[in-house]
Every structure is written in structure tokens, then in C-alpha cells.
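Got the model open? Let's go through it in questions and answers.

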Amino acid sequence: MCGIIGYVGTRDVVPVIIGGLRKLEYRGYDSAGIAVVDDSGVEIVRAEGKLTNLEAKLNDKPLSGSFGMGHTRWATHGKPNENNAHPHRDCNGKVVVIHNGIIENFLPLKQDLQAKGHEFKTETDTEVVAHLIEEKMKDGTDFTEAVRKTLKELEGHYALVMIDGSAPGTIIAAKSGPPLVVGLGENENIIASDVAPLLAYTRNIIYLEDGEYVIANQQQVQVFDGNDRPVDRAPKRITWDAVMAEKEGYRHYMLKEIHEQPRAVRDTFTGRMFEESGEVFFNDLQLTAEEWAKIKKVHVIACGTSWHAGLVGKFLLEDAARIPIEVDYGSEYRYRNPIVDESTLVIGVTQSGETADTIAGMQEAKAKGAKLITICNVIGAAATRMADGVIYTNAGPEIGVASTKAFTTQLTAFFLLSLYIRQLRGENRDDIRYAMHEMRVIPHKIEDILKKQEKHIEALAHKYYKANDFLFLGRGVHYPIALEGALKLKEISYIHAEGYPAGEMKHGPIALIDENLPVVSVATHTPVYDKVVSNLQEVKARDGKLIVICDEHDEAMKKFADDVIEIPWTIEPLQPILTVVPMQLLAYYVALRRGCDVDQPRNLAKSVTVE
Ligand code: M6R
């Protein structure tokens, strides 16, 4: 996830862009850059690290002009250094591009362009776009037409802003996935990843849809669809204040982040799984089949929500690898003198990459000779620096203390890792391809849940918010989801909640059940469906209030449970990515109803850097 902004108008573009990037910095901050077009052509300044580094460089080398673009980066392809910072250029330095997202087919495009003599200067997927436009312009095709042709060749998802130094005054921006909005001003137009940077200049906003692109100059803005037909779209008048704008109109970061999950999950698998060949590829993690054959056991170390992701990971990896997998709390791991050697693969799972307990466990494992990898959301964080390999979850910065999109992207990373292991073990590619296909459609299914169930879940929250306790039940891959549902509820609503394997309830927690206890359970069609139903009968027989997350059209469940939340079907290993979403929404709306501080719950911190 990156922040992008483009401006054309009468103001000095540098303060407009830097001010805008400041508002977009939450989207990524491992490097930043700016391109300004003036009489002498395109000037670019880029800097590694936070925006302040770019500002310092601009103080030394001031730029000015009334047309340009800026970018704040969250690296996906290539290290977070100055060379890979956007904007990127073609061979002549005239076509300039900034990008948010991933160009999935950048490698064949790059190889083809290299064969035609193009010289690439960065490791990014983005640079290919500038060269592709340049290539199309070689026969005299103008910039606009060259962009049109280029867009038709790109696969993946992207928000792009493109300018041509030899055609100053025109910005073209395209959207296929990540957000892009256009602000219509008086003699000025501005394009950005979200509305926050636009509000200082205009409140008339056009939201681009997927497949659309916009051609903007100082006087006008024209929107086109994927078939190059003009789109007539009236701007929306935005009345948000600045704080609301930073949350993109959502009341809390947590709700915004819940809604970002389709995008975040997509960003985590994009560019890593290739259905045609049935292959999984990780930029920052390479294991050969020989190296894998030497691994005899796996330890997963994590805390809190990341630990729950690790428990789901155990199901997925054990099934793929057929070797023992243990999952530990970071705080427990090093004090139990774990049995670790060179044949142990240790996976540290951490959103922040800075959690002291997880880091300590990882250090312990490394000192004992384990091969160490991490599933982490923050580029360059401590966990990534010490690991031999990294799978970045491309969730983008998570600001709400209650982890949501970090969790579903960790589950996505584990799923990809399980496919990678199947690949290393030489398993049937058709099975892997089928699993990839199911992964690819998961973002749509999350969208479906958000669209169809959010209002219903809000109503359920109003029905149950006064309860003093909640019980969460699940079996198999859904047992960690029950734990996660309970954690979400307790940390933001302060209601006591416990998660249990449904089959374990009769060994103790059943004593709690009466007509005042809401019991939230996952009962989707897995091999243990009937067993879960039996466990739920035990709840019903004691007058517990049953809220069941089940498959769509489970008519029997609808008759039996007090309330149901229906979700679309997917294969069992991917179900947790869907079943957790209603739990997140339930916790959110209960907390809201109870008047709690959702984004900054009492006693908690986003990153726990003490033991
Ligand atoms: O940054 P990490 O993933 O290492 O953080 C681990 C836990 O502190 C974190 O998941 C915590 O449990 C969240 N508040 C859960 O919502």
C-alpha cells in the first residue's frame, strides 16, 4: 500500500504535494519521492525513509513548478531504498510514473523491453510502466494513446499516475484495484489515493471505479472506462472534516481496517501465486527442495492475534508438510528451553515486527541454530532484520489497536506458505492451482460478507451488548477463530469472553451456560460439522443464546440457532479468513454500543515492546 498524489494548477506544486503526502503517510513510509515539471524538464527528488528525509533534501535542492506528482512508499518489489523509491522514469527520463499496487506480469514485460534495449535502473515492478509507455511512443504515438495501449497490457492491480515531461500540463491516472480520487478545483485538479489531501483545495470529488482512467489538465478532467469510452460522472460533494477524511469517512480506524481486508488480502497474494504454472514465489524467502527436506519440525512463535494466526497456520502447514508443528506464545517460548536445532524451522509471526516477547523467542531459536523466517507487516522491522527469510503481509499500516487486517493477511501468508511447501514436496500442481483459484476469489467473498451482513451484525450487537460474558466456540481451523473472536470482543468492549474448542465445552465451560450467555459459534460445512451441531445442541438444551456463523442456505441451522450470520462457501483452509470477519464486526459494534474507545482501548498499546 502506497500513497500517491498528482497536481496540475496554478499553485506552487511542492507544498501541495508534500502537504498531501503528509496526509497519505499512513499508507507507507519507507521512502518518498516527488517529480516536478518545469521549463527545464522533469526534476525528481527521492529519499529513503520517512517524508522528513525528502523534505530535508528539498531544502537543499528546492524545486518549483505548477505540475507534478509525489509518492510515499510501502515496498512490495525491491528493497525500501532511495533507488527503488518512486517516481520512476523511462530511458529518456521524460515519462514518469508513480504507482500503488502490484503489476503481476511485470517480469515478462520487463524481459521483453530489455530485449528491445530498455535499461532498467530499479528492482520495482513500477518501472516497467514508464518503459512500456516510452516504447509505444517510439513510432510517434502521443502520450495519451501510448498510456491507453499500455494499460491494456498490464495485469494485476494498480493505481497509477503518469506524466510526460514533453507534454507538460497533462496527468493521466488509472485505477484497477487500489483507490484513486480526483478533486476538481478552480483552475487546478488534484488526484490522490484518498480524499484527505484534497480537502484543502476542493470538496468536489470524483471516485474512479476499477478499469477507469482519467486525463486531467488545469482546466478539465475527463474520465474514461476500460474501453476508452468517456464516462459522465458527477462529482460528489464531501462534507467530512479533516479527521474523518483520514479515516476515509469511517468512524474508527478499526472499521476502516475491517473494510480494507479485501484489498489487504489481495495485496498479500498478488504477485506470489501463479495459477498458470501452479507456482508460489516469495521475493524475500527462498527455500530449495533440498533445504526443505532437512527440516524436521516447525515452531511458530507469536503473541495475541498473531498467535491465533499461528494456530490456524499449524493446521495448514501440518497438513501440507506432514511434520510436527508447535505453536508457542513468545513469552513462554524461550523460558521453556525449547528443543531446537538446525533441522528446526522457526516462524515468528508479528504484525509490528517489534513485539519484545516474539523477538526474544526468535533470538533464542536463532541462537540454537534454527532456520528463522518471519511473517511480518512492517518493512525493515526488527523481526525482518534478524530472519533468514520474510513473508511480508501487505496489509498497510494498521492503526486500530485491535488487529483485523493484519490477522487476515497473516492467514493469507500461511496459506501461501502451505502451497509453497506442497510445491517443494512435489505435490500435484492441479490441486495447488485449484487452491490458488479459491484464494483469488476470497477478497470478493469478504466484500460479500461486509455488504450483506454488516447491518445485521450491528443489529445483533444491539441485541446482545448488555451481556456480561460471551462464549466463543469452534472446532478445527475455527478453534483459533473462536479465540480471536473472544480476544476482539474483550479488548475493545471490556466484556469477559472466552474462546473454546466446541468439543471441550462439556469438560467445564458448560457450567456457565444459562439464558444470559450468548454463545458465538462457527458451524460451517467441514468434516466436523455434525460434531459442532451436537455441541451446539448442548448449549441449546441449557437455554444459552446461540449466534452461529454458518454457510449460506443452511436452513436447518437457521431454524435451530437464535441468530445466524451466513457466509459464502470456500475450501476449509481458507474459511478462517471469512469466519473471522463477522467476529470483528460483532466486537466493533458491541464496543460502539457500549461507548468504548474502539481504536485506543484502555490499558493496551499497538506495539508491545516490553517483556
Ligand atoms: O505486532 P504483533 O503482531 O507482534 O502484536 C502481537 C499482539 O500484541 C497483538 O496481536 C495484540 O494481541 C492485538 N491487540 C490484538 O488485537
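Q: How many residue pairs are in polar contact between domain 1 and domain 2?
A: This is a predicted model, where local features need pLDDT of at least 70, side-chain atom pairs count only at pLDDT 80 or more, and totals for chains, interfaces and linings use all residues. Residues are numbered from 1 along each chain as its sequence is written, and side-chain values use heavy atoms, with hydrogens and water left out. A polar contact here is a pair of N or O atoms within 3.5 Å; within protein, one must be able to donate a hydrogen and the other to accept it, and residues adjacent in sequence count only if both atoms are side-chain atoms. With both residues at pLDDT 80 or more, the count between domain 1 and domain 2 is two.

Q: Where do domain 1 and domain 2 run along the chain?
A: The bounds come from an automatic or database domain assignment. That assignment also gives a domain 3 at 448-595. The two we're after are domain 1 at 3-240 and domain 2 at 252-440.

Q: What area do domain 1 and domain 2 bury between them?
A: Interface size is often given as the accessible area lost when the parts come together. Here buried area is the accessible area (1.4 Å probe) that two parts lose on being put together, summed over both. For domain 1 and domain 2, 63% of it is on carbon and sulfur atoms, and the total is about 1,300 Å².

Q: Which three residues supply 47% of the area that domain 1 buries against domain 2?
A: No other three residues supply more of that area. They are Tyr26, Trp74 and Glu104.

Q: Which residue meets Glu104 in a salt bridge?
A: A salt bridge means a side-chain nitrogen of Lys or Arg within 4 Å of a carboxyl oxygen of Asp or Glu. The rule finds one across the interface of domain 1 and domain 2. The side chain of Glu104 has its partner at 4.0 Å, N to O, and that partner is Arg440.

Q: Is Thr202 buried or exposed?
A: Buried means under 20% relative accessible area, exposed over 50%, and partly exposed in between (1.4 Å probe, protein chains only). Thr202 sits in the loop between strand S10 (189-192) and strand S11 (204-207), strands being DSSP E runs of at least two residues and helices H or I runs of at least four, numbered from the N terminus. Its relative accessibility is 7%, so Thr202 counts as buried.

Q: Which backbone oxygen lies 2.6 Å from a polar atom of the Thr202 side chain?
A: The Thr202 side chain also reaches the backbone nitrogen of Asn204 at 3.0 Å. Beyond its neighbours within four places in sequence, Thr202 is in contact (heavy atoms within 4.5 Å) with Gly183, Leu184 and Gly185. The oxygen at 2.6 Å belongs to Leu184.

Q: How many residues apart in sequence are the parts that Glu447 and Arg266 tie together?
A: Glu447 forms a salt bridge with Arg266, the closest N and O atoms being 4.0 Å apart. Glu447 lies in helix H16 (residues 442-464) and Arg266 in helix H8 (residues 261-269), so the parts tied together are separated in sequence by 181 residues.

Q: Which residue pairs with Arg233 in a salt bridge?
A: Arg233 is partly exposed at 25% relative accessible area. Its partner is buried at 7%. The side chains meet at 2.6 Å, N to O, and the partner is Glu212.
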